[in-house]
Protein chains: 2
Amino acid sequence: MNSSDCYDAWCGVAHGCTRKLGMKICGFLQKNNSLEERSRIVSSFKERAAKNLLSCDNIDGDARFRRTETDFSNLFARDLLPAKNGEEPTMQFLLEFVEILTNYIRKTFDRSTKVLDFHHPHQLLEGMEGFNLELSDQPESLEQILVDCRDTLKYGVRTGHPRFFNQLSTGLDIVGLAGEWLTSTANTNMFTYEIAPVFVLMEQLTLKKMREIIGWPVGEGDGIFSPGGAISNMYSVMIARYKFFPEVKTKGMAAAPRLVLFTSEHSHYSIKKTSAALGFGTENLILLNTDERGRVIPADLEAKVIEAKQKGYVPMFVNATAGTTVYGAFDPINEIADICEKYNMWLHVDGAWGGGLLMSRKHRHKLNGVERANSVTWNPHKMMGVPLQCSAILVRERGLLQGCNSMCAGYLFQPDKQYDVTYDTGDKAIQCGRHVDIFKFWLMWKAKGTVGFEQHIDKCLDLSAYLYNKIKNREGFEMVFNGEPQHTNVCFWYIPLSLRGLSDGEERRERLHKVAPKIKAMMMESGTTMVGYQPQGDKVNFFRMVISNPAATRSDIDFLVEEIERLGHDL
Amino acid sequence: MNSSDCYDAWCGVAHGCTRKLGMKICGFLQKNNSLEERSRIVSSFKERAAKNLLSCDNIDGDARFRRTETDFSNLFARDLLPAKNGEEPTMQFLLEFVEILTNYIRKTFDRSTKVLDFHHPHQLLEGMEGFNLELSDQPESLEQILVDCRDTLKYGVRTGHPRFFNQLSTGLDIVGLAGEWLTSTANTNMFTYEIAPVFVLMEQLTLKKMREIIGWPVGEGDGIFSPGGAISNMYSVMIARYKFFPEVKTKGMAAAPRLVLFTSEHSHYSIKKTSAALGFGTENLILLNTDERGRVIPADLEAKVIEAKQKGYVPMFVNATAGTTVYGAFDPINEIADICEKYNMWLHVDGAWGGGLLMSRKHRHKLNGVERANSVTWNPHKMMGVPLQCSAILVRERGLLQGCNSMCAGYLFQPDKQYDVTYDTGDKAIQCGRHVDIFKFWLMWKAKGTVGFEQHIDKCLDLSAYLYNKIKNREGFEMVFNGEPQHTNVCFWYIPLSLRGLSDGEERRERLHKVAPKIKAMMMESGTTMVGYQPQGDKVNFFRMVISNPAATRSDIDFLVEEIERLGHDL
């Protein structure tokens with residue numbers, strides 16, 4: 001049935017009903033038609049408009065469902081609200097737009113849809129089938145805008161697809177998505193209670209709940225949502241420095257002795273970025289050795305602390321990672337906390353990836369000791385499936401965040417407002433304007449309950465155990481480290497037939513190093529699935545499978561394994 | 001007409017048509033009904049469901065418009081996609097949700113709607129009419145989720161309302177909003193081309209266009225979108241330090257001499273925050289004197305540079321503000337650039353607020369000399385009306401951003417991918433995951449054209465000139481500084497009748513200081529409009545009116561003035 005037939009059929013049945021709905025259905029069906037067909041449909045609409053304008057108008061006084069012909073080719077942004085008579089085109093435009101989005105959402109969860117339709121940068125820049133990325137001086141019609149939006153989605157990557165495993169953040173949570181839509185509709189700023197009263201309170205309550213889950217007494221402490229784990233980690237180092245050397249705030253690093261930070265060689269690179277940015281210098285970030293599973297060796301930490309002290313440096317800050325990026329390793333927090341207490345160092349737990357496991361009664365033991373941390377990074381946008389961006393920095397001691405960042409700008413934070421201004425958060429942040437990241441998370445928590453997050457996390461860990469058990473002894477697969485992964489990270493090499501007989505050595509290493517990139521490139525070309533790879537230390541490129549996607553099932557895991565075999569077998 | 005009547009009327013006319021649409025209309029009308037009434041309506045729906053399930057089902061094979069009864073009280077997040085048979089409830093939920101949003105949008109532009117419905121923190125925390133902010137262990141029904149969303153909007157602030165003038169970011173651009181909805185639906189990350197191919201290219205092209213507009217030859221240079229002006233300003237200081245003292249990256253601030261930064265006493269507090277965060281110390285940020293209009297006095301800069309050098313410090317960085325927060329002042333960039341060149345200092349232009357004026361042929365002269373800057377902060381989410389967050393840091397010299405922030409984390413940025421990995425942006429950023437802030441801006445640019453932004457900016461400046469001319473000689477109003485404002489900031493005191501005869505002195509100052517907060521509090525209680533106030537230097541609290549809202553008209557300006565008079569006259 002083509003779109004035109006659809007409209008006829010619909011008009012027959014829906015005679016006397018709103019045109020909008022007829023258009024909606026046609027809208028859905030025309031998505032894959034050519035521009036030519038589309039324009040034919042629009043003409044056909046116009047013809048019918050004259051005949052069909054008589055009924056339905058008087059159902060109620062509500063202008064929303066007045067039957068108007070919406071020819072977006074003659075409409076421009078300037079015709080939308082706040083333009084005079086802009087309400088009707090605005091509603092029509094948004095409804096049409098939402099249909100593009102809901103169509104995309106449906107397809108995202110449909111396994112027969114590709115994960116991506118890959119093109120090289122130069123191809124997209126040259127303009128795929130008329131998709132022109134260049135900006136121009138003159139406005140484009142809303143029809144073109146709608147086409148641009150369809151194209152943007154078409155050439156993007158479906159991060160919510162059940163077979164997208166490429167990042168730590170995957171999946172498309174419908175309630176979280178709705179929360180983001182509302183957030184952007186409210187379009188406000190976390191700066192003050194004055195302009196974001198509900199969101200500021202939601203943030204406060206949610207942070208308290210997170211601190212309770214961490215295990216700090218009655219959820220005491222402080223915290224803030226920041227634009228990602230790297231910034232949250234940056235906060236932790238800033239606050240630690242302020243705690244031990246508050247004069248650095250006014251006098252700079254010259255006021256402090258040579259300060260040293262410690263983190264695992266497997267930890268996230270944001271700790272290193274922060275050492276550079278905040279003026280410590282990357283050389284003063286000491287990397288700690290790990291065991292074969294990627295966990296910090298506490299004795300190595302203590303040895304390096306002693307060594308630093310002997311050189312006259314001041315060990316100040318230790319980052320323990322709860323869920324490393326590649327191996328998904330959990331550093332032994334309790335043993336690290338003992339050393340931090342002994343040498344009076346700040347203990348930060350980077351739980352950007354692993355923090356979500358705190359929601360699971362079954363898995364939270366992996367973070368045992370987290371309640372001894374001075375600060376914790378926890379990104380709900382990773383393991384908890386919250387849409388990007390959603391990252392929290394949580395601090396055990398109240399007042400430090402404010403003390404560290406406050407500049408008492410009276411022209412921004414008026415102390416003489418009519419409400420309790422302790423709810424204004426702006427002066428705690430290194431940002432001024434701050435995006436509302438809390439609402440989608442709050443809404444998901446309401447909708448799923450704590451138990452819903454727990455179920456999601458347990459399911460993802462079950463799936464990764466399934467994958468691990470499936471491939472650990474499978475021909476052609478070789479695990480990067482032994483034993484069941486602590487998190488959902490499963491790291492493995494795929495060994496093509498041609499390499500299986502080869503003895504370990506430089507040639508095999510060199511050839512194996514090229515296998516994962518080749519398979520990945522083919523995966524992307526065929527668009528069937530996506531999974532990440534990388535080298536680590538002296539280990540050549542291997543696949544790192546991670547599961548945070550709520551849409552993934554065992555069959556998707558099976559598919560991935562078979563796809564790797566299909567693509568890689570004969571390399 | 002109550003909701004039940006509405007449904008009857010609808011059912012009469014729309015007999016044989018989709019139930020969904022009937023529900024839609026009723027949904028709109030029931031928003032303000034009590035829970036009791038709502039539950040009655042739901043029951044009434046259920047009764048009718050049995051009778052009405054027969055028609056419309058066979059229009060086409062498309063499941064979207066199958067008439068199903070959507071009783072959200074029995075649906076939960078777990079019933080939505082990716083759940084089995086989750087497609088129908090997902091679509092119904094999203095459509096219902098969108099109607100909440102479109103309803104909100106319509107009201108936002110309706111001047112008979114309040115700007116806000118103010119409540120104190122303790123009132124909201126106690127639970128307004130059943131609006132419970134606390135998170136619980138068990139899931140709530142989707143019906144409750146929809147109610148929560150309505151309540152969230154109800155108790156929030158309508159930042160798009162034509163009479164909301166409280167912040168530099170105001171207004172609700174429909175195309176920008178649609179762009180945000182798409183962005184959250186795509187839910188990806190600017191980290192690599194691999195997972196955000198279209199967005200990465202859009203960012204690249206848009207940054208180039210912005211650099212061209214700044215006036216850098218053929219748009220050469222670099223840049224990145226960051227989570228707000230404060231972070232963009234932070235980038236500028238980091239990059240400047242890297243340019244002059246690259247060894248600080250590895251060795252820390254100890255490797256550099258005592259570095260000094262300069263900025264206006266009227267500049268944004270983020271420069272001060274950055275001085276503290278990056279290890280310079282706020283004492284090494286020298287504040288520059290301004291003239292009575294809030295513009296830096298270049299001679300004061302040169303004197304302070306010389307003084308710092310005499311003390312053996314190294315002047316490194318000067319921030320010139322293009323559009324200060326309170327006065328809207330533009331520092332004289334060319335004269336400052338001369339001094340920067342003479343003393344070999346980095347020139348940063350903080351155009352977070354004023355950068356938008358570059359789009360206007362009439363007003364861009366206020367930034368004359370900006371092309372001589374080494375870096376520029378420019379927030380499209382302020383004067384250009386782009387939804388929050390959208391801020392760019394632009395850098396004239398290519399390679400610095402990468403050099404400064406790159407940590408070459410091979411496990412995150414694989415050099416052996418099949419595409420040109422110079423498009424991967426992650427290692428330039430201080431963030432790792434990075435929200436897609438570009439799309440809404442790109443889409444607005446397409447939809448409005450450069451000329452559309454220009455018209456918006458010219459209109460806002462015209463309106464502020466209108467306000468200035470209206471009140472400059474009006475009884476009861478007193479301007480904070482003389483002459484037409486450079487930006488849309490109009491700063492003034494309102495003098496109640498009781499203060500008008502009073503001679504200048506401490507008593508008058510003290511009483512006047514309390515006037516703006518009182519009027520503001522009454523404004524918020526009555527919900528009619530919102531405008532900011534603050535003290536500045538030795539000046540007691542005054543109103544700072546700013547206009548960036550595309551919905552505002554002269555009648556709204558008139559309204560504001562009369563509202564201030566109404567509320568303040570008898571204080």
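These are my notebook entries on a lysine, a histidine and the relation between two chains in a predicted model.

Conventions. I number residues from 1 along each chain as its sequence is written, and I letter chains from A and number ligands from 1 in the order in which they are written. The model being predicted, I required pLDDT of at least 70 for local features and 80 or more for side-chain atom pairs, while totals for chains, interfaces and linings use all residues, and side-chain values use heavy atoms, without hydrogens and water.

Entry on A:Lys382. I looked up the UniProt record, an unreviewed entry, which lists A:Lys382 as "modified residue: N6-(pyridoxal phosphate)lysine"; such annotations may be inferred rather than shown by experiment. I found A:Lys382 in the loop between β7 (375-378) and β8 (391-395) of chain A, strands being DSSP runs of E of at least two residues, numbered from the N terminus. I noted that A:Lys382 counts as buried because its relative accessibility is 16%, buried meaning under 20% relative accessible area with a 1.4 Å probe and protein chains only. Beyond its neighbours within four places in sequence, I listed contacts (heavy atoms within 4.5 Å) of A:Lys382 with A:Leu168, A:Ser169, A:Ala352, A:Trp353 and A:Ser548.

Entry on B:His487. I placed B:His487 in the loop between β9 (477-479) and β10 (490-494) of chain B, and recorded this residue as buried, at 0% relative accessibility. I saw that its side chain reaches the backbone oxygen of B:Trp353 at 3.1 Å.

Entry on the chains. I superposed chain B on chain A by least squares on the C-alpha atoms of residues with pLDDT of at least 70 in both, and the rotation was 180° with 0.0 Å of shift along its axis (RMSD 0.0 Å). That is the relation of a two-fold axis.

Conventions:
Helices (H or I, at least four residues) and strands (E, at least two) are DSSP runs, numbered from the N terminus. Buried means under 20% relative accessible area, exposed over 50%, partly exposed in between (1.4 Å probe, protein chains only). A polar contact is a pair of N or O atoms within 3.5 Å; within protein, one must be able to donate a hydrogen and the other to accept it, and residues adjacent in sequence count only if both atoms are side-chain atoms.
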